[in-house]
Amino acid sequence: MNNPEEFDLRPLTIEKVFGLRAFKPTDEGTLKPVSMPATQTGFLWESGENIAKCVMKVHIPAVLGCKCGFWAYTDGSNEYHFNPTSVQGIIEASGRMVIGTKGFRAEKARIVVLVEPDSDTIINHRIEKRFNMFIRKHPDIPVVPNVDAALFEFPVSKIRPSDFRN
Ligand SMILES: [Zn+2]
């Protein structure tokens with residue numbers, strides 16, 4: 001007979017984990033990370049499951065004290081979306097993850113929804129053209145007109161480091 005604590009210590013529910021982040025559309029109609037250290041050099045987002053690699057190549061992301069993995073915000077902010085050359089979207093994360101006070105880093109991520117860029121300036125028109133190229137190549141990814149609509153469909157996960165302390 002096992003000790004009850006070995007398999008019966010604390011209740012745990014693992015739900016899908018959603019976070020808001022930004023992406024950089026390119027002239028080739030691809031989506032790049034806004035910050036390269038998060039993943040390997042040359043990484044491009046795809047439909048379905050994306051798998052992060054650490055630039056140090058010594059471990060599977062995400063690991064405490066490193067910068068690897070797919071980053072996303074769960075605190076209602078999105079500091080990655082700092083200028084009009086990026087677009088926003090929500091990812092569903094899985095695999096190995098680390099969490100902090102603003103969001104998480106994850107080994108695996110799937111884009112569940114993207115937000116149309118604004119089209120009121122010349123630079124935004126260029127971003128919109130790149131974004132539309134990506135969407136034509138990835139018609140399975142839903143697009144919504146604004147970030148509120150994205151967050152309504154896929155609310156970011158309310159996870160905090162303190163949720164996981166004993
Ligand atoms: Zn790493």
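**Exercise 1. The exposed side of helix H2**

Task: In this predicted model, find which residues are exposed on the other side of H2, and which residues of H2 are buried.

Solution.
Step 1. Ile122 and Arg136 are exposed, on the other side of H2 from its buried residues.
Step 2. The buried residues of H2 are Ile127, Arg130, Phe131 and Phe134.
Step 3. Viewed down the axis of H2, these buried residues fall within an arc of 100°, so they line one face of the helix.
Step 4. That buried set packs against three strands: S1 (17-25), S2 (31-33) and S5 (87-99).

**Exercise 2. The length of H2**

Task: State how far H2 reaches from its first C-alpha to its last, and set this beside the expected value.

Solution.
Step 1. H2 covers residues 122-137, which makes 16 residues.
Step 2. At 1.5 Å a residue, the expected reach is 22 Å.
Step 3. The reach in the model is 23 Å, close to that expectation.

**Exercise 3. Phe131 and Pro117**

Task: Decide whether Phe131 and Pro117 are buried or exposed, and list what each one touches.

Solution.
Step 1. Phe131 is in helix H2, whereas Pro117 is in the loop between S6 and H2.
Step 2. The cut-off for a buried residue is 20 or more other C-beta atoms within 10 Å. Phe131 has 22 such atoms within 10 Å, so it is buried. Pro117 has 22 C-beta neighbours inside 10 Å and therefore also counts as buried.
Step 3. Leaving out residues up to four places away in sequence, Phe131 touches Pro25, Val87 and Pro117.
Step 4. With that exclusion, Pro117 touches Val87, Asn124, Ile127, Glu128 and Phe131.
Step 5. Two distances place these residues against other parts of the chain. The C-alpha atoms of Pro117 and Asn146 are separated by 8.2 Å, with their positions 29 residues apart along the chain. For Phe131 and Asn83, 48 residues apart along the chain, the C-alpha separation is 15 Å.

**Exercise 4. The partners of strand S1**

Task: Find which strands are joined to S1 by bridges, and in which direction they run.

Solution.
Step 1. S1 and S5 run antiparallel and are joined by seven bridges. One of the residue pairs is Leu20 with its bridge partner Ile90 in S5.
Step 2. S1 and S2 also run antiparallel, joined by three bridges. Here Pro25 has Leu31 in S2 as its bridge partner.
Step 3. The hairpin of S1 and S2 has five residues between the strands, and in it Gly29 takes a positive phi near 75°.
Step 4. Eight of the nine residues of S1 are buried, so this strand is largely enclosed by the rest of the structure.

**Exercise 5. The largest nonpolar core**

Task: Give the number of residues in the largest nonpolar core, and name the elements that give two or more residues to it.

Solution.
Step 1. The core has 34 residues. Those with the most contacts inside it are Phe70, Ala72, Val87, Ile90, Ile91 and Ala93.
Step 2. Two or more residues come from each of S1, S4, S5, S6 (103-115) and H2.
Step 3. S6 gives the most, with seven residues.
Step 4. Take Ile91 as an example. Not counting residues up to four places away in sequence, Ile91 touches Gly19, Arg21, Phe70, Ala72, Ala109, Arg110, Ile111 and Val112.

**Exercise 6. A cis peptide bond**

Task: Identify which residues a cis peptide bond joins, and locate the second of them.

Solution.
Step 1. Most peptide bonds are trans.
Step 2. The bond between Pro61 and Ala62 is cis, with omega about -5°.
Step 3. Ala62 is placed in the loop between S3 (49-51) and S4 (70-73).

**Exercise 7. The whole chain**

Task: Describe the chain by its elements, its span and its confidence.

Solution.
Step 1. The protein chain has three helices and seven strands. Along the sequence they follow the pattern α-β-β-β-β-β-β-α-β-α.
Step 2. The C-alpha trace spans about 65 × 35 × 25 Å along its principal axes.
Step 3. Of the 166 residues, 33% count as buried.
Step 4. Among contacts with a separation of 6 or more, 66% are between residues 24 or more positions apart.
Step 5. The mean pLDDT is 87, and 92% of the residues reach 70 or more. Confidence is lowest in helix H1 (residues 4-7), at a mean of 81, and highest in strand S7 (residues 143-144), at 97.

Technical notes:
Residues numbered from 1 in each chain as written. Predicted model: local features only at pLDDT ≥ 70, side-chain atom pairs only at ≥ 80, totals over all residues. Helix = DSSP H or I, 4+ residues; strand = E, 2+ residues; numbered from the N terminus. Expected span 1.5 Å × (residues − 1). Buried ≥ 20, exposed ≤ 12 C-beta atoms within 10 Å, placed from the backbone. Arc of directions from axis to C-beta. Contact = placed C-beta atoms within 7 Å. Pairing = 2+ DSSP bridges. Core = buried A, V, L, I, M, F, W, Y, C linked by C-beta atoms within 7 Å. pLDDT = per-residue confidence, 0-100.
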